[in-house]
Amino acid sequence: MAVETKIDKTFHEYHRELAVQYFNKVWDLMEMKERTIEEADEMVHMAHASRLHWGFVGEPVNKARGEWQISRVYTVVDRSEPALYHAQRCLDICLEHGIGDFDLAFAYEALARGYKVKGNEEKKEYYLEKAREASKDIEKKGDLDVLLGDLETI
């Protein structure tokens, strides 16, 4: 068993702090009613940066949520191809690691939203239904309410 050194702990803390800060800043930018091209670019780059830092120190659930956020950002800037790529990565991580509940339902939500941006109504509806099915396994009412509210915006 390896002994944690001060350098290891500092590395972990540094990447975790940046991952969280960037994740939260992306939410601030996504919630803006209007944003400049520069702010949209910053939002995309920060979502990727957050996911990069989670890749160094996060658990699979952190990585799945990072992929979800990247997908969501790309739908906000109306880019279906990268939105769908990252939504699928989110779903793959959830399935590979047995992550269910809220995260699995949101993986399907991300795919539905990406297909909406792409203009593929059939696949959008398919993944909306998968998200609704997965929502039956969400334990916390607050989490369920968030998901169902988001599904209404698709």
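Throughout this tour, a contact means heavy atoms within 4.5 Å. Helices here are DSSP runs of H or I with at least four residues, strands are runs of E with at least two, and both are numbered from the N terminus.

You're looking at a predicted model, where local features need pLDDT of at least 70 and side-chain atom pairs count only at pLDDT 80 or more, while totals for chains, interfaces and linings use all residues. Residues are numbered from 1 along each chain as its sequence is written, and side-chain values use heavy atoms, with hydrogens and water left out.

**Stop 1: the whole chain**

Start with a cartoon view. You'll find seven helices and zero strands, running α-α-α-α-α-α-α from the N terminus on. The radius of gyration is 16 Å, close to the 15 Å that the globule rule gives for 154 residues, so the chain is as compact as a globular protein of that length. That radius is taken over C-alpha atoms, and the rule is 2.2 Å times the number of residues to the power 0.38. Along the principal axes, the C-alpha atoms fill a box of roughly 50 × 40 × 25 Å.

Now colour by burial: buried is under 20% relative accessible area, exposed is over 50%, and partly exposed is in between (1.4 Å probe, protein chains only). Of the 154 residues, 43% count as buried. Take the contacts with a separation of 6 or more, and 60% of them come from residues 24 or more positions apart.

**Stop 2: α3 and the turn after it**

Select 60-76, which is α3. This helix has 17 residues and reaches 24 Å from its first C-alpha to its last, close to the 24 Å expected; the expected span is 1.5 Å times one less than the number of residues. How many of the 17 residues of α3 are buried? Twelve are, so to speak of α3 as mostly covered is fair. Among them are Asn 62, Glu 67, Trp 68, Arg 72 and Tyr 74.

Step just past α3 to Asp 78, in the loop between α3 and α4. Its phi is near 65 degrees, a positive value in a residue other than glycine. Asp 78 counts as exposed because its relative accessibility is 55%.

**Stop 3: α4**

Next, select 80-96 for α4. Like its neighbour on this tour, α4 gets its own ruler check: 17 residues, 24 Å from first C-alpha to last, close to the 24 Å expected at 1.5 Å a residue. Show side chains for the buried residues, including Pro 82, Leu 84, His 86, Cys 90, Leu 91, Ile 93 and Cys 94. What do the buried residues of α4 pack against? Switch on α2 (37-57), α3 and α5 to see their partners. After α4 comes Gly 98, with a positive phi near 65 degrees.

**Stop 4: α5**

Move on to 101-118, helix α5. Asp 101 lies in this helix and has a phi near 55 degrees, positive in a residue other than glycine. Asp 101 counts as partly exposed because its relative accessibility is 26%.

Further along α5, pick Ala 105. Buried or exposed is Ala 105? Buried, with a relative accessible area of 0%. Leaving out residues up to four places away in sequence, Ala 105 touches Ala 131, Ala 134, Ser 135, Ile 138 and Leu 147. Try a distance to Asp 143 as well: C-alpha to C-alpha, Ala 105 and Asp 143 are 10 Å apart in space and 38 residues apart in sequence.

**Stop 5: the pockets**

Time for a surface. On a 1 Å grid over the protein atoms alone, a pocket is an open set of points where a 1.4 Å probe fits, with protein on both sides within 12 Å along at least five of seven lines, and lining residues have an atom within 4 Å of a point.

The largest pocket holds about 380 Å³ of space. It has 18 lining residues, and the closest to its centre are Phe 23, Trp 27, Arg 65, Trp 68 and Phe 102. The elements giving two or more residues to that lining are α1 (6-30), α3, α4, α5 and α7 (141-152). By class, this lining is eleven nonpolar, three polar and four charged.

The second largest pocket has about 220 Å³. Select its lining, including Trp 27, Glu 31, Arg 35, Arg 72, Arg 113 and Lys 116. Here α1, α3 and α5 each supply at least two lining residues, and the classes come to four nonpolar, one polar and five charged. For both linings, Ala, Val, Leu, Ile, Met, Phe, Trp, Tyr, Cys and Pro count as nonpolar, Asp, Glu, Lys and Arg as charged, and the others, Gly among them, as polar. The volumes are the space filled by probe spheres set on the grid points, which are joined across faces, edges and corners.
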